[in-house]
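Reader: I should be grateful for a close look at a single part of this model. Please choose one helix or strand region and describe its surroundings in full.

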Amino acid sequence: MDYLKTSEVAQSAGAPLISNAVEYFEKQEELRLLYDSQIHAMRAAGMREQGPKFREVRAKLDTILSTRRATRIHSSPTTIEEACTLLRRAGERFVETINDVEYAWRWCPAGEFMMGGERSEWSGARSLDKSDAHCVTLSRSFWILETQVTQQMWKSVMGEKPEKWRGDNFPVVCVTWRDSQEFCSRLRAATRLSIQLPTEAQWEYACRAGTTTAFSFGDSCNGSAANCDGMSPWGTPQNGLYVGNTTVVKSYSANPWGLYDMHGNVWEWCSDWYGEYAPVAAIDPKGPDSGTFRVSRGGSWRAAAERCRSAARGCNAPESKIDSLGFRLIFLPSFNYCTDDRNNSEETHTNRS
């Protein structure tokens, strides 16, 4: 299903900017796309956001969303932006093409979860992992990259092959925390999206994807469901496979929100400084204000299965370059940013070159 072409709508400038779009999108029950298409078209037509026509159209769209869909989201949204956010499904897919390389993102809706491992997971865990699970609320939804950043992505943004080259679809490794920040900065400039590393809380929330078990796929792991040291299993006496190196992303099944390799393959940098977190309820935690090490999460091909649990924490000096450490990206939705996406019932695509 295509968006209305911006040029066609923009040509009408002051003409009926909503009638055809309303009929089209209501029929498809894709009202969040109506907002994106119409606001983008009005901006392209040079309409001032504070002008009477812009406010009139926005009010009409607000009414459509609140009256037709409020019962589905259990509460009446106060703004059209809020309605758009609430209508997305966890795991919804968005594909951004940048320099001919696809970046697939998955939607993580705002919500709360129990962060940290249950006491049953403490045996063999490191001391800083031994904190009671506590309730964490994430007040903002976000998009997270479906895979770890690949070597192809790195090459297309940074202009050169990464230090340890294995192939386009392998995760990039041997990148410092500061390298990951430079990558984010360049990608932000190319996309105008708020590209960044996830906080530790955002990472675990996405990893769990609504699950409460030690891994998103259950309470045991021996290398069959994740690229780890299967000769050091967790939750099962059965030894498994040890690949001994990184694997191509998506080699193992995704979690319930469509994210790959959240367990194993490579550790992933997070934005937080590493430190003990208090086992008390928290809202949007971001870790200590300073520290010596940065958080890494997810375990790796070198790690015992225990280190790949959803709650397991790692840390490295920011300048560390390790062949089992990479990163994954997130961005926060911005409703001041609209694209002429192409959409179908499964996912949204945007192309940038």
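Author: What follows is an account of one helix and of the strands around it. The model is a predicted one.

The helix is α6, which spans residues 151-158. Its buried residues are Gln151, Met153, Trp154, Val157 and Met158. These residues lie on the same side of α6, because they cover an arc of only 155° around the axis. Their packing partners are β2 (101-108), β5 (142-145), α7 (177-191) and β10 (325-327). After the helix comes Gly159, which has a positive phi, near 85°.

One of these partners, β10, leads further, to strand β6. Three bridges link β10 with β6 in the parallel sense, and in this pairing Trp269 is found opposite Phe327 of β10. Strand β6 covers residues 267-273, and it is largely enclosed by the rest of the structure, because six of its seven residues are buried. β6 also pairs with strand β8 (residues 294-297), again through three bridges, but the two run antiparallel. Here Glu268 faces Arg297 in β8.

A separate description may be given of an open sheet of three strands, ordered β3-β4-β7 with mixed pairing. β3 (111-115) and β7 (282-283) are its edge strands, each with a single partner strand, so one side of each has no neighbour in the sheet. Strand β4 (residues 134-138) runs parallel to β7 and is joined to it by two bridges, with Thr137 opposite Ile283 in β7. Helix α8 (residues 200-208) packs on this sheet, where it touches β3 and β4, and its direction makes about 90° with that of β3.

Note on methods
Residues are numbered from 1 along each chain as its sequence is written. This is a predicted model: local features need pLDDT of at least 70, side-chain atom pairs count only at pLDDT 80 or more; totals for chains, interfaces and linings use all residues. Side-chain values use heavy atoms; hydrogens and water are left out. Buried means under 20% relative accessible area, exposed over 50%, partly exposed in between (1.4 Å probe, protein chains only). Helices (H or I, at least four residues) and strands (E, at least two) are DSSP runs, numbered from the N terminus. The arc is that of the directions from the helix axis to the C-beta atoms. Contact means heavy atoms within 4.5 Å. Two strands pair if DSSP finds at least two bridges between them. Axes are lines fitted to C-alpha atoms, for helices over the stretch in contact, and angles run from 0 to 180 degrees between N-to-C directions.
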